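Let's take a friendly walk through a protein model, from the inside to the surface. Have a look at the sequence and the structure first.

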Amino acid sequence: MNSNDQISPNFTYSEFTASRIAEGFHIDNNIPSEYVRLNIHALVTLLLQPLRDACGHALKVNSGYRCKKLNDLVGGSKNSQHIKGQAADIASDAPIRLARIVIDRGLDFDQMILYHNFIHLSYTLERPNRKQILYSKDYYGPKLYTL
């Protein structure tokens, strides 16, 4: 890891590009532009690092940046924010706990999607964040109630 890899005390750019699927299919999933790098930086510094600080334990990025080819291969949405570096899927055995921290701390976010074993979080600099909360069809846990 070089000094350019560190984004914040607990996150690196390399964990946002790491993908066993990309490696297995010999897909170049490196950050392609300063635009994507800036988006990842904003996602981390304005949402994920504050979440990490608040929850007090490590957060594992299952999926961060995805090039279009990788996104297509994993069945991601055509307009996925992962392609722009604006989204990360964070592993969790209780995604609702992380979701509640985001809400309770008033952290800004664009989308929060709860899945059975991870939470998708996104942040954008392109417009005001929507604060949209969604639940995947495989999520059967408790739901958030917000005003």
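A residue is called buried when its relative accessible area is under 20%, exposed when it is over 50%, and partly exposed in between (1.4 Å probe, protein chains only). Helices (H or I, at least four residues) and strands (E, at least two) are DSSP runs, numbered from the N terminus. This is a predicted model, where local features need pLDDT of at least 70, side-chain atom pairs count only at pLDDT 80 or more, and totals for chains, interfaces and linings use all residues. Residues are numbered from 1 along each chain as its sequence is written, and side-chain values use heavy atoms, with hydrogens and water left out.

Let's start with helix α5. Its buried residues are Pro 95, Ile 96, Leu 98, Ala 99 and Val 102. They sit on the same side of α5 because they cover an arc of only 160 degrees around the axis (the arc is that of the directions from the helix axis to the C-beta atoms). What does this buried side pack against? The partners are α3, β4, β5 and β6, with contact meaning heavy atoms within 4.5 Å. On the face turned away from the buried side you'll find the exposed residues Arg 97 and Asp 104. Just after α5, Gly 106 takes a positive phi of about 65 degrees.

Now for the middle. A nonpolar core is a set of buried Ala, Val, Leu, Ile, Met, Phe, Trp, Tyr and Cys residues joined through side-chain atoms within 4.5 Å. The largest one here has 35 residues, and Phe 16, Leu 47, Leu 48 and Met 112 touch the most other members. Helix α3 gives the most to this core, with 9 residues. Leaving out residues up to four places away in sequence, Leu 48 touches Phe 11, Phe 16, Leu 43, Leu 59, Ala 88, Ile 90 and Leu 121. With the same residues left out, Ile 40 touches Ile 7, Tyr 13, Phe 16, Ile 31, Tyr 65 and Gly 85.

How do three residues compare in accessibility?

| Residue | Place | Relative accessibility | Class |
|---|---|---|---|
| Ile 40 | helix α3 (residues 34-55) | 0% | buried |
| Leu 73 | helix α4 (residues 68-73) | 42% | partly exposed |
| Arg 105 | loop between α5 (95-104) and β5 (111-114) | 55% | exposed |

Finally, a pair of distances. Arg 105 and Leu 144 are 39 residues apart in sequence, and their C-alpha atoms are 14 Å apart in space. Ile 40 and Leu 144 are 104 residues apart along the chain, with 26 Å between their C-alpha atoms.
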